[in-house]
Amino acid sequence: MIRSLIAPNKAASGPADPASAACNRSNQTTLFQLLRYPDAEAATGGRASLPGSLLSAFCFLLSLPAYAVQHFPPPDFTTGHKLPVTATPPPRAEWLAYMDIGVLIAALMLATYFVLWKRNRRAIGGLSIFSLAYFGFYRHGCVCSIGAIQNVAQSIADPNIVLPVVAGAFFLLPLIFALFGGRVFCAAVCPLGAAQDIVLMKPSKAPDWLAQCLGVLPWIYLGAAVMYAAIGSAYIICRYDPFVAFFRFGGSVPMLVFGGGMLVLSMFVGRAYCRFLCPYGALLRLVSPLAKWKVTVTPDECVQCRLCEDACPFGEIRYPTPRDGGISRTEGKSRLAALILLLPVFIGMGAGLGYLASDKLAQVDPAVSLAKRVWLEDHGKVKGTTLETDAVRKHDTPKEEVYLQSLAIGKKYRYGSLALGGWIGLVIGLRLIGLSIRRRRSDYEADSAGCVACGRCYLSCPVERFRHGDAEAIKILEEYRA
Amino acid sequence: MSNDQDNKISRRQLIINGGWFVGLIGLGGVFGWIFGNSEKRMVWQIDPNKCIQCGKCALECVISPSASKCVHAHAMCGYCKLCLGFFMPTPNELNEGAENQQCPMGAIKRTYVEDPYYEYVIDEKLCIGCAVCVKGCTAFGNGSLFMQIRHDRCINCNECAIAKSCPSQAISRVPADKPYLLKNKEQNA
Ligand code: SF4
Ligand code: SF4
Ligand code: SF4
Ligand code: SF4
């Protein structure tokens, strides 16, 4: 697949077993003659029937090493017949790939404009429908920024893999835009986000502890995806992309079920994939708190009317902290200190567990699982063969080669899963630390990491509606100001 | 008290600003690295010498019918009268009757050229990429029929679904300016 597994076919140079081939040669030529002059053979030879003679030829031929052997020299036509040319339709034109990058930049700029300047939910929604159509259905959801993580990871890990410019651009541009305007990519450009956003009907609030626990998953997913891509075994983000099957109008049944389930879930739990799985969302979470211009419920002064409290379907509006905050300062501080001291323990435990699981994780690699199967078959531990092991035997790939490759990859997995385990420990530890840090907030504000800039809360804020010239909002405002 | 708060805010702002510049420089670095190192667009292709004609091409591709189809290198073809890519192992008669043909779609056209030669041409619109004919031709003929991913159909998935399940790992990325791995040497050059 990504890495070549079996050495270039050597069988083309000749039959595997020269001795038996030589003693069969005379027999062989007559039988091959039969294929070229089947009627002549049937008419002159003493054979009973055409099918009968062919059957024996067939049985004989089955026993031959069958690799790209030029059985019949191509003919010299006396009639001057011209050979048809094999058509080789070219791939999608290169300029179209650059057009995709152009569309991505334009959509990101428009999204930034709609989210931060226009502050218009309608416009954001409109743009996300366009993105769903273009990046989703027209481009079949490929390549997307989420999947591009893997191209980048693999090309960093393996210098032989060139990174396609488009994948690089899709990986970087949303992050760069996030450095300026937060997650405008999620707001209106990502086709997966758009698909979930459009179906959202009746958002229910996930309990905070559950959201916090599930919020660790994207980081774990990110780590696993980077590991598998860096080793070159699989692109798991593409494999388990829930919506890509819809974008292509077809896919395996389990993925269609998973995608359908995700869509139904997203009707009631806002952007379930974004919040609890998306690894690119995890990266954006890192960058968007640094944004130059942050998404705010209103840029004007908050009147503490609490109308926006439940406006965010994704639970990303943070409330002002109560003056007499829950636990005492000293207690909070000592808990924080304990957690920070425990962090290396978490990492170490994770790394240890990862190391122990490395053999299991390595089974995802086709070369590793193949070598295991070959070994089991050769030692009579399992009955029968698989298509994969048949291929090895058919190509006469030396067994040592199969085993050596598996060993080399297995070694990479030991480091990889060690790192992955440590990463998971780190992520969990940091999440716990994050939970015990309390920031003082005097107003209602959108969480700068989690906010996907969908613009729904703008509609709920009377100060904001007033800014847009909503007459009704004035009344509400006066009530609260009084 | 209020002074303390101001200090805190400005310290926080300082950290964020610092992070911003680090982020910008970091992303800029990655940007430079990516465009320094990436050049070629890559597309998926089958190495016909590794393919074992398992038939998964027809089933696994995300588009249907599959983007992987049979192609014919005519210059390699023996023009056999009895082509076991075309005919069933034991045909009743050597004619184009559907019951005599391997291809489930009737996608191979057989025409008489001159004695004893017959020409076999793939009608790609009909081919579903089941590799049945390729198997026959590779085993008993010259191997002039072989599987290729057709780039007028392939949508170039980031992870090709066939590559993922191909039992002989025959599919890998190739540069987009040489998008085919044809068997015929003249055509490859
Ligand atoms: S969180 Fe992920 S899936 Fe959701 S909109 Fe952002 S990038 Fe797309
Ligand atoms: S899946 Fe692989 S082995 Fe099977 S027909 Fe396609 S290229 Fe050949
Ligand atoms: S037998 Fe299968 S691969 Fe060959 S031409 Fe027919 S449909 Fe295509
Ligand atoms: S890249 Fe996608 S469309 Fe192309 S052959 Fe593979 S699965 Fe089919």
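This section describes the nonpolar cores and the ligand surroundings of a predicted model.

Chain A comprises 482 residues, of which 47% count as buried. Its secondary structure consists of 24 helices and 2 strands. Among the contacts in chain A that join residues at least 6 apart in sequence, 79% link residues at least 24 apart.

The largest nonpolar core contains 99 residues, and those with the most contacts inside it are A:Val115, A:Ile146, A:Phe171, A:Tyr273 and A:Tyr280. Helix H7 of chain A, spanning residues 165-181, gives the most to this core, with 12 residues. Domain 1 (52-60 + 92-294) and domain 2 (329-436) of chain A each supply at least three residues to this core. Apart from it lies another core, made up of 42 residues, among them B:Val62, B:Cys127, B:Ala131 and B:Cys166.

The contacts of A:Tyr280 were examined individually. When residues up to four places away in sequence are not counted, A:Tyr280 touches A:Ser145, A:Ile146 and A:Ile149, together with A:Phe170, A:Phe171, A:Leu172, A:Pro174, A:Leu175 and A:Phe185.

In chain B, three ligand surroundings were considered. Ligand 2 is surrounded by residues including B:Cys51, B:Cys54, B:Cys57 and B:Cys166. Also around ligand 2 are B:Ile46, B:Ile52, B:Gln53, B:Gly55, B:Lys56, B:Ile162 and B:Ser168. By class, the shell around ligand 2 has 7 nonpolar, 3 polar and 1 charged residues. Two cysteines of this shell, B:Cys54 and B:Cys57, were compared in accessibility. B:Cys57 counts as buried because its relative accessible area is 11%, and buried means under 20%. B:Cys54, at 29% relative accessibility, counts as partly exposed, because this value lies between the limits of 20% and 50%.

The residues around ligand 3 include the cysteines B:Cys70, B:Cys103, B:Cys127, B:Cys130 and B:Cys133. B:Pro104, B:Ile108, B:Ile128, B:Gly129 and B:Ala131 also belong to the surroundings of ligand 3. This shell divides into 9 nonpolar residues, 1 polar residue and no charged residues. B:Cys127 and B:Ala131, both around ligand 3, are also among the residues of the 42-residue core.

Ligand 4 is surrounded by residues including B:Cys61, B:Cys154, B:Cys157 and B:Cys160. B:Trp44, B:Val62, B:Ala67, B:Ile149, B:Ile155, B:Ala161 and B:Ile162 likewise surround ligand 4. The shell around ligand 4 has 11 nonpolar residues, with no polar and no charged residues. B:Val62, in the surroundings of ligand 4, is likewise listed among the members of the 42-residue core. Over all chains, the structure holds 0 disulfides.

Terms used: Residues numbered from 1 in each chain as written. Chains lettered and ligands numbered in written order. Predicted model: local features only at pLDDT ≥ 70, side-chain atom pairs only at ≥ 80, totals over all residues. Heavy atoms only, no water. Near = heavy atom within 4 Å. Nonpolar A, V, L, I, M, F, W, Y, C, P; charged D, E, K, R; others polar. Core = buried A, V, L, I, M, F, W, Y, C linked by side-chain atoms within 4.5 Å. Buried < 20%, exposed > 50% of the residue type's maximum accessible area, 1.4 Å probe, protein only. Helix = DSSP H or I, 4+ residues; strand = E, 2+ residues; numbered from the N terminus. Domains from an automatic or database assignment. Contact = heavy atoms within 4.5 Å. Disulfide = S-S within 2.5 Å.
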